[in-house]
Amino acid sequence: MAYNVGVMGAAGFAGVELVRLLVQHPDFNLVAVTSDADAGKAIADTYPAFTGMGLPAFTGHDDPALFDCDLVFLAVPHTVALKYAPLLMNAGVTVIDLSADYRLKDPDVYEKWYNTPHTSTDILAEAAFGLPELTGDELAEAAAKFAAGKPALVACAGCYPTATSLAAYPAIKAGLSAGLVVADAISGVTGAGKKATARTHYCFADENVEAYGIASHRHTPEIEQILGIQGQGRLVFTPHLAPLKRGILSTVTFSVPEGVSISAEALQELYEGFYADSPLVTVLPAGTSPKTSSVTGTVKAQVSATLAANGRAIVCLGAIDNLCKGAAGQAVQCANIVCGFDQAHGLPAVALPV
């Protein structure tokens, strides 16, 4: 069964990545793409890759066609989803939100980190968190609502939280971490959005790597929430910008608790067993490391976990495509689950080899 879908905010990098994936999906029919800034323009005028595909032109966010969709993807800045998600759900439309507005379970935490009050806490309470490998139970509840003809809300995980959490979660869940959890993550420039800034302008980003948002990045509480360490003051998260278009590589390091012992072989087995039923996560063999180039354009993640030579620390790595597994692709993965499809249905399976 095919479902009619729309993308709000389709002119941005995550939004147009959604368009790329949805037009190739056999069971999602893309009927509306919105952008207030580009309303009236053909998608191919902004993104020539879509020339000759006969796609709908950009319309404004108030396009009535959105309210006739089965699902709408919100690829909009935070606070914009606060306005539109309730309206769409009241019209019976299931919402797959790529913004931060419904990710944090505690509205007070959202207000603290995003400097704005949460204006729809009623639907926040029912939002499923969209990181399928770790929150499958929440997505199953959303799928049950959708199957019963009720609108569901999925808050897709952010890009840095996805790479970082997939890397570290199995070890932390198994009680193999103590003290600080230090996450250093490197992202491509598309993660900063379409509008150029003094940091992301080509002339400043090229041939340069720099840290930003030190001890203050908004993804910090989301990572803490996923890893189950919120309120503990243990996470030290430092994002970095690299001269790449796509990709995130996150390195997470923590100490093994006193009195706890694990071998390198057992750590490898832990990760392989944890992700055995996750077709879009690849646990690399011992001695090999994830690469961003190996997942470009896909919803796949590569992870690894290495025990330090002294056996007292673990280094976890995760690589994803920030626009795909970190945003648009993960949103389609979640939509697949909500609609009752296999989670990898219609999604690119192989990265560009060179």
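1. Start with the aromatic cluster: Tyr 3, Phe 28, Phe 146 and Phe 341 group together as one. Keep in mind that this is a predicted model. Across the structure there are seven aromatic pairs.

2. One of those pairs is Phe 28 with Phe 341, and its geometry is edge-to-face, with 6.0 Å centre to centre and 65 degrees between the planes. Phe 28 sits in strand E2 (residues 28-34), while Phe 341 is in the segment after helix H11 (324-338), so the pair ties together parts that are 313 residues apart in sequence. As for exposure, Phe 28 has 4% relative accessibility and therefore counts as buried, the cut-off being under 20%.

3. Have a look at Tyr 160 and Phe 237 too. Their ring centres are 5.3 Å apart and the planes make 70 degrees, so this pair is edge-to-face; the angle cut-off for that label is over 60 degrees. Here again distant parts of the chain are linked: Tyr 160 belongs to helix H7 (residues 159-173) and Phe 237 to strand E10 (residues 235-241), 77 residues apart. Buried or exposed, these two, Tyr 160 and Phe 237? Both are buried.

4. Away from the rings, I'd also check Ala 128, which you'll find in strand E6 (residues 128-130). Its relative accessibility is 4%, so Ala 128 counts as buried. Leaving aside residues up to four places away in sequence, Ala 128 touches Glu 138, Leu 139, Ala 142, Leu 153, Val 154 and Ala 155.

5. One last distance, on Ala 128 and Ala 85: these residues are 43 residues apart along the chain, and their C-alpha atoms are separated by 13 Å.

How values were computed
Residues numbered from 1 in each chain as written. Predicted model: local features only at pLDDT ≥ 70, side-chain atom pairs only at ≥ 80, totals over all residues. Heavy atoms only, no water. Phe/Tyr/Trp six-rings, centres within 6.5 Å; stacked < 30°, edge-to-face > 60°. Helix = DSSP H or I, 4+ residues; strand = E, 2+ residues; numbered from the N terminus. Buried < 20%, exposed > 50% of the residue type's maximum accessible area, 1.4 Å probe, protein only. Contact = heavy atoms within 4.5 Å.
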